[in-house]
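Hi,

Here's the structure I promised to pass on. Have a look at it first, then read my notes below.

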Amino acid sequence: MLSKRLIGVVTVRNGWAVQSFGYRRYLPLGRPECLVENLDRWGADEILVQVIDRSAGDRGPDFDLLSRLGRLGLETPLIYGGGVASADHAVRAIQSGADRVTVDQALHRAPDEVRRMSARLGAQALIAAVPVRFADSVLRHDYLTRQCLPFGDGVPALIAERVVSELLLIDWQNEGGLTGFEPERLGELPCPDVPLILFGGFTDPAVTRRFLEQPAVAAVAVGNPFAYREHAYQTYKRAVASAALRPPMHAGPTPVEGS
């Protein structure tokens, strides 16, 4: 049964698409629209555009970028993340072309505003995004204060209330490298009944396949590996070789081991 998704991620900083390494080092890739068009043309299951410099300074969502993306005529569902702090932000992002939005800082600083987002758009339009680290317990990373804090009760409460539809877990330490997540530790999350999207360090298709085998995992999101080669998404997806994924639109050449 086809029940899982492979999400293509485009990371945007200072208006440009970038290759990110742990959200500390960046290499320029070009215009975000070009990468989004590629993923759409390659038949991605879903596209996540994360604009990583909007929450700092309360800049709000990048509506100019959303408008440009909305004019592309995308056939692929589009998730937007970055600066969504109010119900008005979320509604305008959807009106500008996003199918869903991710919410991060507001989960902890303004949970009632997240409830208002859900009341206006429906839970299906909202994804809770939380950078995490699995230590002795599950910790969340506050990237504004650069602190690791207890996961807390706020996000589990919103999930229990069906305010959001999915939980995006971000391995912020290993983003751009090899994920430090372990499948068996996903059960330690204090919100066991929500579909998970995993992002950060999923460069190895075999590792992605292992996580997609977990019942709680609805999707894996991948960014850097799709940035440089034509049909990189289809090649990666075929290498994952998961029966739970929709087959790639264009198979391309068989990837060579170690290449």
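Start with V114: beyond its neighbours within four places in sequence, V114 is in contact (heavy atoms within 4.5 Å) with V103, A106, L107, L126, L158, V163 and V164. Keep in mind that this is a predicted model, where local features need pLDDT of at least 70 and side-chain atom pairs count only at pLDDT 80 or more, while totals for chains, interfaces and linings use all residues. Residues are numbered from 1 along each chain as its sequence is written, and side-chain values use heavy atoms, with hydrogens and water left out.

V114 also belongs to the largest nonpolar core, which has 62 residues. (Such a core is a set of buried Ala, Val, Leu, Ile, Met, Phe, Trp, Tyr and Cys residues joined through side-chain atoms within 4.5 Å; buried means under 20% relative accessible area, with a 1.4 Å probe and protein chains only.) L169 and L198 are among the residues with the most contacts inside this core. A second, separate core has 13 residues, including I7 and W172.

Now find strand β11, residues 196–199 (strands are DSSP runs of E, at least two residues, and helices runs of H or I, at least four, numbered from the N terminus). L196 and L198 point one way, I197 and F199 the other, and all are buried. In a regular strand, side chains alternate between the two faces of the sheet.

What does L198 stand opposite? L169 on one strand, and V220 in β12 (residues 217–222) is its bridge partner too.

Cheers

How values were computed:
Buried < 20%, exposed > 50% of the residue type's maximum accessible area, 1.4 Å probe, protein only. Pairing = 2+ DSSP bridges.
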